[in-house]
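Work through the exercises below with the sequence and the 3D view open. Try each task before reading its solution.

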Amino acid sequence: MDINLSIRLDVDNEGRFGPGKAALLDAIKASGSIAAGARALGMSYPRALKLVESMNVLFRAPLVASSHGGKDGGGAVLTARGLRVLELYHALCEQAAESTSTFRSEIASLIVSSKD
């Protein structure tokens with residue numbers, strides 16, 4: 001049995017950043033669009049837009065820059081700040097997962113599994 005680690009950063013009373021927002025940033029980075037990123041995650045566009053807006057307010061500079069549709073259509077990209085936040089978050093998660101693997105394995109051995 002594997003136990004996965006999930007990290008959410010709570011910023012005082014300002015907001016949060018965790019796996020859901022990181023996944024949305026990854027999807028926007030891959031697709032070049034908030035709407036396409038939302039679809040890839042099975043999320044509604046209004047929900048994705050709300051999350052992007054909350055991230056853009058939480059950090060000192062926006063994480064996502066978007067342009068509205070028009071003749072050539074709109075799109076969205078991660079800003080340099082967005083790319084850095086995503087890189088740091090993934091590194092934090094990877095380091096935490098590595099440093100807690102022994103503890104998670106021991107906890108897993110103590111859990112009753114339906115496969116037992």
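The model is predicted, so local features need pLDDT of at least 70, side-chain atom pairs count only at pLDDT 80 or more, and totals for chains, interfaces and linings use all residues. Residues are numbered from 1 along each chain as its sequence is written, and side-chain values use heavy atoms, with hydrogens and water left out.

**Exercise 1. Lay out the fold.**

Task: list the order of helices and strands in the protein chain.

Solution. Start with the DSSP runs: helices are H or I with at least four residues, strands are E with at least two, and numbering goes from the N terminus. The protein chain has 5 helices and 4 strands. Read from the N terminus, their order is β-β-α-α-α-β-β-α-α.

**Exercise 2. Judge the overall dimensions.**

Task: compare the radius of gyration of the protein chain with that of a compact globule.

Solution. Take the radius over C-alpha atoms; the globule rule is 2.2 Å times the number of residues to the power 0.38. For 116 residues the rule gives a value near 13 Å, but the protein chain has 17 Å. Next, check the box along the principal axes: the C-alpha atoms fill roughly 60 × 30 × 25 Å.

**Exercise 3. Find the core.**

Task: identify the residues with the most contacts inside the largest nonpolar core.

Solution. First fix burial: buried is under 20% relative accessible area, exposed over 50%, partly exposed in between (1.4 Å probe, protein chains only). Buried residues make up 27% of the 116 in the protein chain. Then join buried Ala, Val, Leu, Ile, Met, Phe, Trp, Tyr and Cys through side-chain atoms within 4.5 Å. The largest such core has 20 residues, with Leu25, Ile28 and Val64 making the most contacts inside it. Helices H1 (19–31), H2 (34–40), H3 (45–58) and H4 (80–99) and strand E4 (75–78) each give two or more residues to this core.

Now inspect Leu25. Count contacts as heavy atoms within 4.5 Å. Beyond neighbours within four places in sequence, Leu25 touches Phe17, Met55, Leu63, Val64, Leu78 and Leu86.

**Exercise 4. Trace the salt bridges.**

Task: which residues do salt bridges that share partners join into one network?

Solution. Search for a side-chain nitrogen of Lys or Arg within 4 Å of a carboxyl oxygen of Asp or Glu. The whole structure holds 3 salt bridges. Glu87 pairs with Arg84 at 2.9 Å, N to O. Both lie in helix H4, 3 residues apart, about one turn. Shared partners link Arg8, Asp10 and Arg16 into one network. Arg8 to Asp10 spans 2.9 Å; Asp10 to Arg16 spans 3.5 Å. Asp10 is partly exposed, because its relative accessible area is 48%.
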